[in-house]
Amino acid sequence: MYDASVARSTFDMRQLAGKRWPAPQWHHETIGAELSGPEPKDRMMSVVARMSAQTAPDFSAVDWDRELAAFAVRTPEDFPAYYRQPFHSVPGGYLSEAAAVGDRTAMEAIYQEAHPRRSLGVRDEIAALVPDDARVVVDLGAGTGDGAAAIARRLPAAQVTAFEASPFMIIAGRVQNAGVQNLRFEQGLAERSGLPSGSVDAVAITLVLHECPNAAKRSILAEVHRVLRPGGALVLCDTAQDDLHGYRGFYEPYREEWARFDPDSLLRETGFAAITAHPVPSPLWSRVARKLD
Ligand SMILES: C[S@@+](CC[C@H](N)C(=O)[O-])C[C@H]1O[C@@H](n2cnc3c(N)ncnc32)[C@H](O)[C@@H]1O
């Protein structure tokens with residue numbers, strides 16, 4: 001049986017420190033403060049234990065330095081300050097190999113009870129919310145692309161772009177989803193996608209907004225509204241507003257803002273209409289919203 005006290009005494013998040021884009025010292029201080037807080041860390045430790053019990057995808061053939069050199073972004077300073085955070089207590093946050101290679105196993109661990117096929121089953125349910133007739137689909141903040149891959153498999157006639165800020169996540173995602181023919185990865189910031197206006201039939205955003213401060217949430221939804229064609233759909237999914245407080249130990253810089261987040265207000269303010277909620281596995285929620293003009 002899982003013993004949180006044993007795991008707590010032996011596990012040190014600093015062992016995840018990135019070698020390629022080293023994290024600043026303040027990341028370690030922030031993580032230390034998160035881990036030493038008085039709140040129970042049992043939920044975090046159970047995720048860590050479940051991750052260790054899984055077989056991770058094999059990234060041993062990846063030449064990280066060579067692949068990283070192919071991206072226009074070269075250092076953490078190429079990213080906005082709000083993004084250069086030790087998300088989930090990983091030094092370097094998403095700008096680290098550790099976050100990328102552990103992404104699927106972490107998601108499988110977190111959503112173990114949410115669906116009989118864990119996170120990959122959850123992804124299929126979210127993919128089902130993308131309109132059937134969408135042919136140009138973009139998943140913004142796609143991580144390692146498992147959600148985008150689920151959309152691509154469901155809509156074989158669509159071209160799906162997994163659009164993601166972190167080159168590390170893209171490198172891992174290309175390995176993890178290598179067999180999905182109508183899926184491609186693109187690096188960039190969701191709020192400055194560079195995609196032509198009105199060029200996209202459907203945008204998916206899953207588990208991204210809770211990791212952005214309010215100004216970035218607004219900029220991202222405004223950018224989605226710009227790139228969608230009239231009648232295009234946004235499928236927005238994220239975790240319950242009180243969920244992050246249950247994961248103490250996994251550093252979440254925008255936890256307090258998230259607790260007060262109202263998706264419907266922000267969707268209306270950024271121009272969306274016909275906003276509907278659809279059941280997705282708990283603790284996730286969903287909205288499908290349309291750009292009408
Ligand atoms: C919790 S992960 C979710 C990934 C994926 N959507 C999923 O459902 O597994 C959040 C992802 O959003 C990305 N991200 C956060 N802010 C972003 C931004 N402004 N532009 C692009 N990607 C962003 C992170 O790099 C990370 O891969």
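Does His-245 count as buried, exposed or partly exposed, and why? In this predicted model, His-245 has 14 C-beta neighbours inside 10 Å, and therefore counts as partly exposed. A residue needs 20 or more such neighbours to be called buried, and 12 or fewer to be called exposed. His-245 sits in the loop that runs between β5 (228-239) and α11 (255-259). Its C-alpha lies 25 Å from that of Pro-24, a residue 221 positions away in sequence.

The chain as a whole comes next. Its secondary structure consists of 12 helices and seven strands. The radius of gyration is 18 Å, and the globule rule gives 19 Å for 293 residues; the two values are close, so the chain is as compact as a globular protein of that length. Along the principal axes, the C-alpha atoms occupy a box of roughly 55 × 40 × 35 Å. Of the 293 residues, 43% are buried. Among contacts with a separation of 6 or more, 72% are between residues 24 or more positions apart.

The chain is split into two parts: domain 1 covers 4-110 and domain 2 covers 118-290. Their centres, taken over C-alpha atoms, are 21 Å apart. To the contact between them, domain 1 contributes 38 residues and domain 2 contributes 26 residues. On the domain 1 side, at least two residues come from each of α2 (25-36), α3 (42-52), α4, α5 and α6 (103-110). The element that gives the most to this side is α6, with five residues. Sorted by class, the domain 1 side that touches domain 2 holds 23 nonpolar, six polar and nine charged residues.

The ligand is the next stop. Around the ligand there are 20 residues, of which Gly-141, Gly-143, Ala-165, Ala-190 and Thr-206 come nearest. Domain 1 and domain 2 each supply at least three residues to this shell. By class, the shell is made up of 12 nonpolar, five polar and three charged residues.

Some details of the backbone remain. Leu-207 directly follows β4 (200-206), in the loop that leads to α10 (214-227). Leu-207 is not a glycine, yet its phi is positive, at about 60°. What is the exposure class of Leu-207, and why? Leu-207 counts as partly exposed because it has 16 C-beta neighbours inside 10 Å.

Ser-89 is another residue with a positive phi, about 65°, without being a glycine. Ser-89 belongs to the loop between α4 (64-68) and α5 (97-101). Both of these helices also supply residues to the side of domain 1 that touches domain 2. Because Ser-89 has 23 C-beta neighbours inside 10 Å, this loop residue counts as buried.

The last feature is a peptide bond. Ser-282 and Pro-283 are joined in the cis form, with omega about 10°. Pro-283 lies in the loop between β6 (273-276) and β7 (284-290).

Taken together, the loop residues described here fall into two exposure classes. Ser-89 is buried, with its 23 neighbours, whereas Leu-207 is partly exposed and His-245 is partly exposed as well.

How values were computed: Residues are numbered from 1 along each chain as its sequence is written. This is a predicted model: local features need pLDDT of at least 70, side-chain atom pairs count only at pLDDT 80 or more; totals for chains, interfaces and linings use all residues. Helices (H or I, at least four residues) and strands (E, at least two) are DSSP runs, numbered from the N terminus. Domain bounds come from an automatic or database domain assignment. Two residues are in contact if their C-beta atoms, placed from the backbone, lie within 7 Å. Ala, Val, Leu, Ile, Met, Phe, Trp, Tyr, Cys and Pro count as nonpolar, Asp, Glu, Lys and Arg as charged, and the others, Gly among them, as polar. A residue is near a molecule or strand if its C-beta atom, placed from the backbone, lies within 6 Å of it. The radius of gyration is taken over C-alpha atoms; the globule rule is 2.2 Å times the number of residues to the power 0.38.
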